[in-house]
Amino acid sequence: MLRGQRKQTVERAVTWSVIVFFVGGRALAARTEEVGGIRPWADAMPVPSRTPSVNALIRYGEEVLPVFDLAGFLKVRVQGGAPLCLIAKRRDGRIALRIDAEMPRLVTVEADALTQPAEPDSNVLGLFLAEGKEVPIYSLVNLGLPTIQTA
Amino acid sequence: MSPQGKSRTEAATEVVERLLVVTSGPMNVALAAPLIEDILPPEESGAAMVVTDHEVTYRVSDLASRLGQAPAPKAPDSRVVLCGSGDRHRGFRVDRLLGHTDVDPRHIHPLPPHFTGEERAWFKGFFLFRDTIALLVNPDWLLNHETDAETPGAPADAKRIAASRLIHPGAALELEVVNAERTA
């Protein structure tokens, strides 16, 4: 029994459940536990800001979320007539990302199959291959935030 | 007792913040009503850079520029709002007046912590306004401007506003109440 339990735990640890979404036609991924939901994009109101990439507020009913300009961060433009909102669970709170209209999908990836980007990027946890293309898994928890230095 | 369990006296003395909400480009911006000394009528809200009203000189700029945004082409309903506090006075050109509103201060929220830059000093926060959001400008920041120290007296060509035209800023605007309890 104990041996069986241990085996299950090990198996869970070697796969990652990720959501693949699109920004400017590029496939990106994020760990499902770092995604707070996906909704149709609502009109966001710009907020004059000196904080890099954080420059708007978006309202869903009584909830107001800050907006992280992921497309601008990646230097691309969101595609599709009805963009979507992906809510990222950043470490300082929920934040909205405007993504392409193409519907995101849930994918399971083998942790062993992950590779590191050629140029180190603190926002990217790893890359996996999907349909012959490398898809970066973004760390939404730390998206755009300075790296925490550990002693 | 009110439905919320408060006596009439308690409810009547509840504090609300009276604000004037305007648009500046794509933004809804709220200005504290006590800050507003006058609102120029449309025919006087043109390209004047300096106006004098009741012997007070106001240097006028686009609110969008003050907020670091590119000024939009002149809107058809553009107005100049004259603001003042103590000896500091400035005029701001806005695209449109949306009206006065009373907001319960408890419903004015600080910017989310994700905003970490100077903007935290520019805005006291935001509140839900109609089906959107309005940003409440920090009046101290709004009236503090490096050029104020250099502001000369009214130049000879300063636009002079007739005293007889002065109205209470709220007189011509509809008042609405946002998330504030009111009693009869």
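In the predicted model, strand β1 (residues 15–23) of chain A is paired with strand β2 (residues 26–31) of chain A; the two run antiparallel and are joined by six bridges. Within this pairing, A:Val23 has A:Arg26 of β2(A) as its bridge partner. Both strands belong to an open sheet of five strands in chain A, ordered β9-β1-β2-β11-β10, in which the pairing is mixed. The edges of this sheet are formed by β9 (105–110) and β10 (124–130) of chain A, each of which pairs on one side only. On average, neighbouring strands of the five-stranded sheet are turned by 40° against each other, direction ignored.

Chain A also contains an open sheet of six strands, with the order β3-β7-β8-β6-β5-β4 and mixed pairing. Strands β3 (35–40) and β4 (44–46) of chain A each have a single partner strand, so one side of each is left without a neighbour in the sheet, and the two stand at its edges. The average turn between neighbouring strands of the six-stranded sheet is 35°, direction ignored. At the β4 edge, β4(A) is connected by three bridges to strand β5 (residues 54–60) of chain A, and the two strands are antiparallel. Here A:Ala44 lies opposite A:Ile58 of β5(A). In general, the strands of a sheet pair through backbone hydrogen bonds, in either a parallel or an antiparallel manner.

The loop between β4 and β5 of chain A includes A:Ser53. This residue is not a glycine, yet the phi of A:Ser53 is positive, near 70°. A:Ser53 has 17 other C-beta atoms within 10 Å and is therefore partly exposed; for a residue to count as buried, 20 or more would be required, and for it to count as exposed, 12 or fewer.

A positive phi is also found in chain B, at B:His54, where the value is near 55° and the residue is again other than glycine. B:His54 is placed in the loop between β4 (50–53) and β5 (56–62) of chain B. Because B:His54 has 11 C-beta neighbours inside 10 Å, this histidine counts as exposed.

Definitions and conventions: Residues are numbered from 1 along each chain as its sequence is written. Chains are lettered from A and ligands numbered from 1 in the order in which they are written. This is a predicted model: local features need pLDDT of at least 70, side-chain atom pairs count only at pLDDT 80 or more; totals for chains, interfaces and linings use all residues. Two strands pair if DSSP finds at least two bridges between them. Helices (H or I, at least four residues) and strands (E, at least two) are DSSP runs, numbered from the N terminus. Axes are lines fitted to C-alpha atoms, for helices over the stretch in contact, and angles run from 0 to 180 degrees between N-to-C directions.
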